[in-house]
Amino acid sequence: EQCQAAETLEGPVLILAGAGSGKTRALTYRIANLIDHGVAPWNILAITFTNKAAKEMKERVSALTGEKGEEVWVSTFHSMCARILRRDIEKLGYKRQFAIYDEDDKMSVIKGLCREKALSEKEFPPKLIRGAISDAKNKMLSPEDWLREEGNSARTRAIFEVYQGYEHTLKANNALDFDDLILKTLELLAENPPVLEYYRDKFRYILVDEYQDTNLAQYELVRLLTGEKHNLCVVGD
């Protein structure tokens, strides 16, 4: 089955396997096979979930393919999106030198907004609000969409106002959070057909490791990039 997965190069491929059974190995051999069959390494995108896993996959690909392996894009979702946005985010009204807020930065903004709106931290724990905002973004919900989905109670209205203020603060500071990296890339590709076509042409073969962990925004990004070629290989635990 591993051999079949590594040698099926065209069209969609779904690989299901348990932990420690060689899923990543199948992906790396598939990448090596693609290159052996004449696919340019820069036309291959491999996505995984952690920097450690991406580094390990890059090393394995290079061990199999030599210098050519250096040209393959092996990346996490977030670092891939940051790379795309550094090139074209000006089309969304941001400057290329945007800041990326980490969890502490997010918490600081949320706590400031809670104080500004006189919200009790006991009744509205900032961690809860931070989680609600992140969950909304992973489901691709704007503050207004989130409020419609959650219902307009006094509690949800208060969280909505913090979410709205949070978004305004980030934009004013030319900043994105980790969830925005994917959302803004989706926005960029959806609103700028030439940019989408550039990346669809660049990434002719897409491979995703740990596919069971993808959220809606990540799924939409993969779907958008794959386009009509359908050369998508995903590995799920």
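**Figure 1. Eleven is not the whole story: the protein has 11 helices and seven strands.** This is a predicted model, and here is the overall picture before the close-ups. Taken along the principal axes, the C-alpha atoms fill a box of roughly 60 × 40 × 30 Å. Of the 237 residues in the protein, 50% are buried. Look at contacts between residues at least 6 apart in sequence, and 73% of them turn out to join residues at least 24 apart.

**Figure 2. Helix H4 packs against helix H9.** H4 covers residues 77–88 and H9 covers residues 178–191. Their axes sit 9 Å apart, at an angle of about 55°, so the two helices count as oblique to each other. The crossing of this pair is left-handed. From H4, the residues that take part are Phe77, His78, Cys81, Ala82, Ile84, Leu85 and Asp88. H9 answers with Phe178, Leu181, Ile182, Lys184, Thr185 and Leu188. Sorted by class, the contact has nine nonpolar, two polar and two charged residues.

**Figure 3. H4 also meets helix H10.** H10 spans residues 193–202, and its axis comes within 13 Å of the H4 axis. The two axes cross at roughly 135°, which makes H4 oblique to H10. This crossing is right-handed. Ile84, Arg87 and Asp88 are the H4 residues in this view, and they meet Val195, Tyr198 and Tyr199 of H10. The class count here is four nonpolar, no polar and two charged. If Ile84 and Asp88 look familiar, that's fair: H4 uses them in the contact with H9 and in the contact with H10.

**Figure 4. Helices H5 and H6 pack at an angle of about 115°.** H5 runs over residues 103–116 and H6 over residues 126–138, with 9 Å between their axes. At that angle the helices are roughly perpendicular to each other, and their crossing is right-handed. On the H5 side you'll find Glu103, Lys106, Met107, Ile110, Lys111 and Cys114. On the H6 side, look for Pro126, Lys127, Ile129, Arg130, Ile133 and Ser134. That adds up to six nonpolar residues, one polar and five charged. Cys114 is worth a second look, as this H5 residue is buried, with a relative accessible area of 1%.

**Figure 5. No disulfides turn up anywhere in the structure.** The search covered the whole structure and came back with zero. Take Cys3: the closest cysteine sulfur to its own belongs to Cys233, and at 14 Å that is too far for a bond. The cut-off for a disulfide is 2.5 Å between the sulfur atoms. Cys3 is partly exposed, with a relative accessible area of 48%.

**Figure 6. Val39 sits in the loop between helix H2 and strand E2.** H2 is residues 23–36 and E2 is residues 44–48. Loop or not, Val39 counts as buried, at 14% relative accessibility. Leaving aside neighbours within four places in sequence, Val39 is in contact with Leu34, Ile44 and Tyr205. Tyr205 is the long-range partner to look for: Val39 and Tyr205 are 166 residues apart in sequence, yet 8.8 Å apart in space, C-alpha to C-alpha.

**Figure 7. Thr48 is a buried residue in strand E2.** Its relative accessible area is 1%. Neighbours within four places in sequence aside, the contacts of Thr48 include Ala53, Ala54 and Met57. Ser75, Thr76 and Phe77 are also in contact with Thr48, as are Asp209 and Glu210. Phe77 is one of the H4 residues that meet H9, and Glu210 comes back in the next view.

**Figure 8. Met140 has a positive phi, and Glu210 has one too.** Neither residue is a glycine. For Met140, phi is near 65°. Met140 lies in the loop between H6 and helix H7 (143–150), and is partly exposed, with a relative accessible area of 34%. For Glu210, phi is near 50°. Glu210 belongs to the loop between strand E6 (205–208) and helix H11 (216–226), and counts as partly exposed at 25% relative accessibility.

Conventions:
Residues are numbered from 1 along each chain as its sequence is written. This is a predicted model: local features need pLDDT of at least 70, side-chain atom pairs count only at pLDDT 80 or more; totals for chains, interfaces and linings use all residues. Side-chain values use heavy atoms; hydrogens and water are left out. Buried means under 20% relative accessible area, exposed over 50%, partly exposed in between (1.4 Å probe, protein chains only). Axes are lines fitted to C-alpha atoms, for helices over the stretch in contact, and angles run from 0 to 180 degrees between N-to-C directions. Helices (H or I, at least four residues) and strands (E, at least two) are DSSP runs, numbered from the N terminus. Angles under 35 degrees count as roughly parallel, over 145 as roughly antiparallel, 65 to 115 as roughly perpendicular and the rest as oblique. A crossing is left-handed if the near helix is turned anticlockwise from the far one by less than a right angle, and right-handed if clockwise. Contact means heavy atoms within 4.5 Å. Ala, Val, Leu, Ile, Met, Phe, Trp, Tyr, Cys and Pro count as nonpolar, Asp, Glu, Lys and Arg as charged, and the others, Gly among them, as polar.
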